[in-house]
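Reader: I should like to go through this model with you, one question at a time. Please reason from what the coordinates show and finish each answer with the value or name I ask for.

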Amino acid sequence: MNVTPGKIRPPLPRGGPLFARPALEARLRDALQAHRAVLLAAPAGCGKTALLVRALVPPPPGQGLAWVSLDPGDDLHRLLSCLIAALEPFDPPWRVAPEGLVVAALQGEARGRQQAVDEIAFALDACELAHGVVVVDDLHHLADEAALQLLARLVERLPARWTLVLASRETPPLLARVAVAGELARFGQDELLFSADEVQAWLLSLGLDAETAQALHRRTAGWAAGLRLALGGARGGGPAGAIDRAAFDFLATEVLAHLDPPLRDFLLDTSVLVELDAARGEALTGDLRAARWIDEIERRGLFASVVDEAGPTLRLHDLFRDALQHRLRVERPEDLPRLQQRAAALETDPLRRQGLLLAARRPDEAARALLAVAPELNTGGAAPAVLRMLQAYAPAFAAGSPEWQRAAGLASMTVWRQTDAERHFAAAEALYRARGEADAAQAMAARRATTLVALGRIAEATAQLQALQEAPLAEVEARLNASTAAAWLALESGDHDAVAAPFAAFVQQQLQCQALTDWGNVPPPRLTACRGVAPLVQRWAEGALAVVGDRPLPLRTFALLALGWRALWQGRIAESRRHLADAMGDASWGGHEIIARSHALALDAMLALLRGERARALQTVRQRVAEQPAGYRGWGLWHAQLYAARVAAAAGERGELQAWLHDLEALQHDLTDRTPRRLRPLQALQAVRAQLDGDAATARRLGREALADEVGTDLFGQAGELRVRLAALDLADGAHDDAAAGLRPLLQRAEDGPRGALFAPDALATLAGADWSGRLADDEAATLRTWAVAVAAGRPGAAAAAASAAWPAASAAWRRPRPPRRSRPPAGRASTPTTAAPARPPASG
């Protein structure tokens, strides 16, 4: 995870009598040993950070310190990334990849944040330290509610050997429960202000008299910032007893008045930087004496903390930076935006870079910079952070910026807000066209087509794809998404036999891409069940695994799941289980991406059904429907419910099947672009319900009506299931010729495997045991027996039971074994960040 080093390094301790407060430091150390949480809450400039540094840096032998400094705009993503990076020196034995914890926490659900906290607490408890302290400095900068909730849970879950220290300008609400439990120590403004005796002892040690000490204490009211400024050269009378911004600005102006003009100018110019070193100072100002000025700032104690001795790197106090920028704005207003823009070019942190560019009134440049890093941020689980950053722009600018709309569309798509994504892509397309950027407009049109399909808006998606065919597609992004949309459109339209051709075009284009950023589209389970796609799914999955390698990214999980689905439809049940186990192991280590989890739950339910574990299969599909992402309601929810009904029917659960059918019929009235073909699978399900009710005549009638449109019926291979069920009915009535005639179209395409026939395992076994002499060809009868044997082989056994635990919502059995003292993944599994685009299917099924 990319974290600015200065955010996870405590400032270096300063010498000098001003900061030596042995009694207060001893009280703080005692509180750290006796309490779960310690809060330092006081106004700016009261010496909170200085006290922590004096008391904690360096930590005693056998103890540890993890430090996180927060900046304005920091959110859950940055808090977690910094916290995990700060813990890395202790080599915590992570059970889940740190990147995976961030992904899980950012899913937008409390469960993901709870998982992240629980894993952090486990790792902390396993660290070999007598006592550890986690400091979160400048907590007042954290306005993200999800981040505050995570800290609240972390306080409650901290192991006994760890203490959380929070430094803030105000008291946060997250500590109420630990305060009531007596586990919170507070240090407020009264404790942090220097007493008259402390000020007098300090000044007497410098050779000044008691009268001067009393006057200085009256002037500053014991405020640490005021005392520091006095040490830096403040003179004359000022507002007595005032601890506020006005007093600081006054005193800072006094300090600046006594500095050499070149040093003063350097301070004013570099006040736009959060962290300052010689290289950045020289690049920003052009002053070759930057290293000298930095040494002078440190020597004079001008409100700069040293966060890295190499260089060194300084971090100016927020109050001092604000005062300097105020002075710069008054004296040289035309220079401030120029300096902010140049500082942005030097900044590697995207949030800081955007803040500088927006402050410089360059929103266009800020939007371009954000768009350039959005794919990497989205992939790393930071799409919510991208959306928060986008909120910083003026609405009028956002409405007219194609870059803003494009970045918003990509981030919205990543968090499965498809309606928002479609709206942003449509706006970006129109804005690019108005600007005359035809290639970018094509890319947005193709993106929009994929979201339209995902939303079930078939007519609009069809029109969009037809418009894209009017001119060659210039960008890789446009070509990949156009071919993806074509395959998904055939799937969503119910034209299941037409899926293979556009999917083949997509796979051919995709395999030519070596960059992870181009591997954003994944085949959903429904597509893997279509006729003729099995070898294409294999090629796509192998290509995805080659590109992603051993990195625990969602794309790897999706590829393994695709292989699992392909093996299932081919009747290779044991192989499907192995792929599912590998996918779950990767997801446990790398984080449970929400749609990958949905795909895995569906596959796990089917495999449980084939093992004869009907109750668990039913529970798994219920769980899958309950977790349906809000961005995939409508048709996405309809498909999830339809799959659940198929599993209920396969399990012979008539009551549950009836309940799902009721939900499906109620939901269909709210669906967009309904057609008889798209709803055909529902008619096929009603035929199965009639069979389970013992109404063979109705089952035959409805089943044959559905098979009259076999292509439209064949969702998840449902046509094959119907043929098997109707053949079993015919066989029971002694109509062997009718049964054979019904089976023959299925058996003549044996290369596709049993597919949907797996939803009727009992009927398949009955048919395989019948005598088909003179009615089916030998190879057709052999295919039938092979499929039945494959299903029978999947029934309970020692090996199967060991390999078939539930999806790891709660079970640790799916986690791959980790070495006991590693904070990195096993050999061959990289933990470095990547620039991959988020993998996404069109819908939950």
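Author: In this predicted model, one aromatic cluster is formed by Trp565, Trp569, Tyr643, Phe716 and Phe759.

Reader: How far apart in sequence are the parts that the pair of tryptophan 565 and phenylalanine 716 ties together?

Author: The two rings form a tilted aromatic pair, with 6.1 Å centre to centre and 40° between the planes. Tryptophan 565 belongs to helix 30 (residues 554-569), whereas phenylalanine 716 sits in the loop between helix 38 (710-713) and helix 39 (718-732), so the parts that the pair ties together are separated in sequence by 151 residues.

Reader: Is tryptophan 540, the partner of tryptophan 519 in an aromatic pair, buried or exposed, and at what relative accessible area?

Author: By the rule used for ring pairs, the count comes to twelve aromatic pairs. One of them joins tryptophan 519 and tryptophan 540 in a tilted arrangement, 6.3 Å centre to centre and with 40° between the planes. Tryptophan 519 is buried at a relative accessible area of 1%. Since buried means under 20% relative accessible area, tryptophan 540 is likewise buried, its value being 0%.

Reader: Which backbone nitrogen does the side chain of glutamate 780 reach?

Author: Glutamate 780 is part of helix 42 (residues 778-793), and its relative accessible area of 8% makes it buried. Neighbours within four places in sequence left aside, glutamate 780 is in contact with Arg744, Leu747 and Gln748. Its side chain reaches, at 3.0 Å, the backbone nitrogen of alanine 777.

Reader: Which strands stand at the edges of the open sheet that has the order 6-8-7?

Author: Three strands make up this open sheet, and their pairing is antiparallel. Each edge strand has a single partner, so one side of it is left without a neighbour in the sheet; the two edge strands are strand 6 (275-276) and strand 7 (304-308).

Reader: Which residue stands opposite leucine 276?

Author: Strand 6 and strand 8 (residues 313-316) run antiparallel and are joined by two bridges. Opposite leucine 276 stands, in strand 8, leucine 314.

Reader: In which helix is confidence lowest?

Author: The mean pLDDT of the protein is 87, with 90% of its residues reaching 70 or more. Over residues 798-839, however, the pLDDT is below 50, although this stretch has 112 contacts in the model beyond near neighbours in sequence. Where pLDDT is low, predicted coordinates should not be read in detail. Confidence is highest in helix 21 (residues 395-400), at a mean of 98, and lowest, at a mean of 36, in helix 43 (residues 798-802).

Key:
Residues numbered from 1 in each chain as written. Predicted model: local features only at pLDDT ≥ 70, side-chain atom pairs only at ≥ 80, totals over all residues. Heavy atoms only, no water. Pairing = 2+ DSSP bridges. Helix = DSSP H or I, 4+ residues; strand = E, 2+ residues; numbered from the N terminus. pLDDT = per-residue confidence, 0-100. Contact = heavy atoms within 4.5 Å. Buried < 20%, exposed > 50% of the residue type's maximum accessible area, 1.4 Å probe, protein only. Polar contact = N/O pair within 3.5 Å; in protein donor to acceptor, adjacent residues only side chain to side chain. Phe/Tyr/Trp six-rings, centres within 6.5 Å; stacked < 30°, edge-to-face > 60°.
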